[in-house]
Amino acid sequence: MKICKFSLYLPVIFTLIIAGCSSQSPYKMKNDSDQRAAKVIAVPAVDNKTADSKASVILRNKVLDELYFKGYTKVSPEVIDKKLEPLYSKESKGGTGIVAPQVLKELVGADAVMYCTLIESKRSVGWFYASVSIAVRCVLRGTQTGEVYWSAEYKSTSRNFDITSNRLEIKSRAAFEEVMEKVVNKVMETLPDGPKLQG
């Protein structure tokens, strides 16, 4: 009897294995016409609200790549980190934990600063089920006045099903890359093209 009941669930299990599922929340966007003045964009280290240090590094690199493909001049993260190192070691960053836009203008000559926050990065594996959830917020501020030119936020969750823990673990790792790529793409697609693509 138990075998018969299990066989009834098999089609459902295999359908879920093949299909998986995903959910997402919409992004928020605010544009400003002054954003067109931004040509050189600095991306400091991600404000990581999670315990996943690797995810914040991946996020920063993907944002930098997207800025390049969007037609902006990006500043090397190594240059930014080296210039900011004395500030992190000798001074407090203040209540918000964010280096002021004007500081980036003086140190690396950026027109704008892209502040990104990793709000959520979760990866869990259980019996027959694994999920990955990533949420990101990015804000572009001008270095002249600190004014917000643009901002966007996006969250995506991927769910996978399988019958072995090893296969679930593999799917979970692959899903993490896919979800991170999706979240960054969704956030950055709302950013207007940079000067190199405008004309």
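**Close-up views of a predicted model**

From the N terminus on, the elements of this protein run α-β-β-β-α-β-α-α-β-β-β-α-α. The model is a predicted one, and the legends below walk through it view by view.

**View 1. The whole chain holds six helices and seven strands.** Start here to get your bearings. Of the 199 residues, 39% count as buried. The accessible surface comes to about 11500 Å², and carbon and sulfur atoms account for 56% of that area. If we take contacts between residues at least 6 apart in sequence, 73% of them join residues at least 24 apart.

**View 2. The largest nonpolar core has 32 residues.** Look for Val-63, Leu-67, Met-114, Ile-134, Trp-150 and Met-188, the residues with the most contacts inside this core. Two or more residues each come from helix H2 (53–69), strand S5 (112–126), S6, S7 and helix H5 (165–188). H5 gives the largest share, eight residues. A second core, separate from this one, has 10 residues, including Ala-42, Ile-80, Leu-84 and Tyr-115.

**View 3. Val-63 and the residues it touches.** Setting aside residues up to four places away in sequence, Val-63 touches Val-43, Met-114, Cys-116, Cys-138, Val-184 and Met-188. Two cysteines are on that list, and both are worth a closer look. Cys-116 is buried, at 4% relative accessibility. Cys-138 is buried too, with a relative accessible area of 1%. How many disulfides does the structure hold? The count is zero.

**View 4. Strands S6 and S7 form a hairpin.** The two strands pair in the antiparallel sense over 13 bridges, with S6 covering residues 129–142 and S7 covering residues 148–161. Five residues lie between the strands, and Gly-146 in the turn has a positive phi of about 85°. Along the pairing, Cys-138 stands opposite Ala-152 in S7. Is S6 mostly enclosed or mostly open? Of its 14 residues, 11 are buried, so S6 is largely enclosed by the rest of the structure.

**View 5. Thr-117 and Leu-118 sit side by side in the sequence, within strand S5.** Thr-117 is buried, with a relative accessible area of 10%, and Leu-118 is buried with a value of 0%. Beyond its neighbours within four places in sequence, Thr-117 is in contact with Val-46, Asp-47, Lys-49, Ala-135, Val-136 and Arg-137. On the same basis, the contacts of Leu-118 include Val-46, Asp-47, Asn-48, Lys-49, Thr-50, Ala-55, Leu-59, Ile-134, Ala-135 and Val-136. Leu-118 and Val-46 make a nice pair to pick out: they are 72 residues apart in sequence, yet their C-alpha atoms are 6.8 Å apart in space.

**View 6. Helix H4 (residues 101–108) has buried residues Pro-101, Leu-104 and Val-108.** Where do these buried residues fall when we look down the axis of H4? They lie within an arc of 60°, so they line one face of the helix. Just past the end of H4, look for Gly-109, whose phi is positive, near 70°.

Terms used: Residues are numbered from 1 along each chain as its sequence is written. This is a predicted model: local features need pLDDT of at least 70, side-chain atom pairs count only at pLDDT 80 or more; totals for chains, interfaces and linings use all residues. Side-chain values use heavy atoms; hydrogens and water are left out. A disulfide is a pair of cysteine sulfur atoms within 2.5 Å. Buried means under 20% relative accessible area, exposed over 50%, partly exposed in between (1.4 Å probe, protein chains only). Helices (H or I, at least four residues) and strands (E, at least two) are DSSP runs, numbered from the N terminus. Two strands pair if DSSP finds at least two bridges between them. The arc is that of the directions from the helix axis to the C-beta atoms. Contact means heavy atoms within 4.5 Å. Accessible areas come from the Shrake-Rupley method with a 1.4 Å probe; for residues, only the protein chains shown count as cover. A nonpolar core is a set of buried Ala, Val, Leu, Ile, Met, Phe, Trp, Tyr and Cys residues joined through side-chain atoms within 4.5 Å.
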